[in-house]
Each structure stands twice: as C-alpha cells, then as structure tokens.
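This report describes the surroundings of a bound ligand and several local features of a protein chain. The sequence and structure are shown first.

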Amino acid sequence: MATNLQNLSSVKGEIPSAKSMKFGVVVAEWNSEITDKLLEGCTSTLLKYGATEKHIIVKRVPGTFELTIGAQFMAEYTEVDAIITLGCVIQGETRHFDFICQGVTQGITQININYNIPVIFGVLTTENQEQALDRSGGKHGNKGDEAAITAIKMVALQNEMENHEKIFNF
Ligand code: DLZ
C-alpha cells in the first residue's frame, strides 16, 4: 500500500513560505468526523507555513463525489493559487466505494489538466473507520497536513516556472 509505511504528516524537503499564497479548500461532509480533522490539519499547516486566514477559502460539499464540481467552482469563481480537496471514502458492502473513488480521482485529474492550477487530492480511501482515524490525526499522521504541504510546494513550483518563462522567453 502506498502510504502504509509513512507518516502522512512527515515533512520531506524544504517547505517554501506560503505567505501571500491563496488557497481554496473543498471539504466533503460525508464522514465529517474524519473530514473535519483533515480540514483542521490542512488549515493549521497552511497557517504554520505563512498563509493568512483571509487567504484560505473553505467550502463544503455533500460527499467526496462532489469534490470534483466543488473544485471546479473554486477554479471558475475564485482567484485562488491552489485548490485542496478533502474527503474520506470508507469501503462498504457494495461497489459504491469503487465508483466514488474512480469518479473523484478522474474528476480531480481532469481539473488539474483543464485549469492551470494545482488541485490536490486529499482523499482518504480506507477499508474501515479505524484506518481513516489513523490517517486523520492518528498514528499515521494527517492527510490534511500532507495535502497542505503539497499545495504549498505546487504553488511555489508554478511561481518559479512562470518566472522562468519570463526570463527565458526570447
Ligand atoms: C453515497 C456515499 C457512500 C455510500 N459512501 C460515501 C463515503 O464513504 N464517503 C463520501 O465522501 N461519500 C459517500 N457517499 C456520498 C457520495 O460521495 C455522494 O455524495 C452521493 O453519491 C451523491 O452524489
């Protein structure tokens, strides 16, 4: 499993300052006992690295499936530098899990391609509630922290690349 051996809150590499960066966070209400913790981790990490509260917009959508359209609204109607999506899908007895996971993964990927803005996938896809708790502030860290750091790094990369384009565009 991709994240089995690593703590989701462990910081790798240097983290750029998030000062003056603007973030849109879209959070699923389904499994809110988990997604509230993801949101808490995400916003506290953004603030820790220099973002200001007025530069963090938070919007809620009913479920993880709606994260795609929520992220698209954020891309269309706001001027954020990055969008962070937070959700938690827990395996049930039916194949609903597979359809939601597949839909949101493809949807978020599509927005990354269609808009020139990083859209971060902060969605837990777990077999049970315990695994979700372990990854939302428990023994495996908090995926919200990971999503925030990824967003900061991607905005910094985009800023750097944009400046490169200006420097070498002759
Ligand atoms: C319907 C549903 C189910 C069964 N499970 C979850 C879940 O584990 N996590 C989640 O975020 N959302 C779930 N949903 C709701 C869907 O994401 C979506 O809101 C509905 O299918 C309506 O489009």
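## Ligand shell

In this predicted model, the shell around the ligand is made up of six nonpolar, four polar and one charged residues. The residues concerned are W30, N31, G63, T64, F65, E66, C88, V89, I90, H96 and I100. Strand β3 supplies the largest share of this shell, namely three residues.

## Polar contacts of the ligand

Oxygen atoms of the ligand pair with polar atoms of the protein at several places. In the side chain of E66, an N or O atom is 2.5 Å from a ligand oxygen. For I90 the partner is a polar backbone atom, which lies 3.2 Å from an oxygen atom of the ligand. N31 contributes a polar side-chain atom at 3.4 Å from a ligand oxygen.

The protein buries 72% of the 490 Å² that the ligand exposes when taken alone. Two elements, β3 (82–90) and α3 (96–114), each give two or more residues to the shell.

## Residues with positive phi

Most residues other than glycine have a negative phi. N31 has a positive value, with phi near 55°. This residue, whose side chain also has a polar atom 3.4 Å from a ligand oxygen, is located in the loop that runs between β1 and α1 (32–48). N31 counts as buried because its relative accessible area is 16%, and the limit for that class is under 20%.

S20 likewise is a residue other than glycine with a positive phi, near 70°. S20 belongs to the segment that precedes β1 (23–28). With a relative accessibility of 57%, S20 is classed as exposed, since that class begins over 50%.

## Salt bridges

The model contains three salt bridges. One of them joins the side chains of D36 and R60, with an N to O distance of 3.3 Å. Because D36 is in helix α1 and R60 is in strand β2 (residues 56–61), this pair ties together parts that are 24 residues apart in sequence. Both partners are partly exposed: D36 has a relative accessible area of 37%, and R60 has a relative accessibility of 43%.

Another salt bridge links K143 and E146 through their side chains at 2.7 Å, N to O. These residues both belong to helix α5 (residues 143–168), where three residues, about one turn of the helix, separate them. K143 is buried at 11% relative accessibility, whereas E146 is partly exposed at 21%. The class boundary of 20% explains why these two residues are assigned to separate classes.

The side chains of D98 and R95 also form a salt bridge, with an N to O distance of 3.9 Å. D98 is partly exposed, with a relative accessible area of 35%, while R95 is exposed, with 54%.

## Nonpolar surface patch

I69, F73 and Y77 make a nonpolar surface patch of about 350 Å². I69 is placed in helix α2 (residues 67–77). The relative accessible area of I69 is 38%, so this residue is partly exposed; the value also satisfies the requirement of over 30% for patch members.

Terms used
Residues are numbered from 1 along each chain as its sequence is written. This is a predicted model: local features need pLDDT of at least 70, side-chain atom pairs count only at pLDDT 80 or more; totals for chains, interfaces and linings use all residues. Side-chain values use heavy atoms; hydrogens and water are left out. A residue is near a molecule or strand if one of its heavy atoms lies within 4 Å of it. A polar contact is a pair of N or O atoms within 3.5 Å; within protein, one must be able to donate a hydrogen and the other to accept it, and residues adjacent in sequence count only if both atoms are side-chain atoms. Accessible areas come from the Shrake-Rupley method with a 1.4 Å probe; for residues, only the protein chains shown count as cover. Helices (H or I, at least four residues) and strands (E, at least two) are DSSP runs, numbered from the N terminus. Ala, Val, Leu, Ile, Met, Phe, Trp, Tyr, Cys and Pro count as nonpolar, Asp, Glu, Lys and Arg as charged, and the others, Gly among them, as polar. Buried means under 20% relative accessible area, exposed over 50%, partly exposed in between (1.4 Å probe, protein chains only). Patches are made of residues with over 30% relative accessible area and no salt bridge: like charges are joined within 9 Å, nonpolar side chains (Val, Leu, Ile, Met, Phe, Trp, Tyr) within 5 Å. A salt bridge is a side-chain nitrogen of Lys or Arg within 4 Å of a carboxyl oxygen of Asp or Glu.
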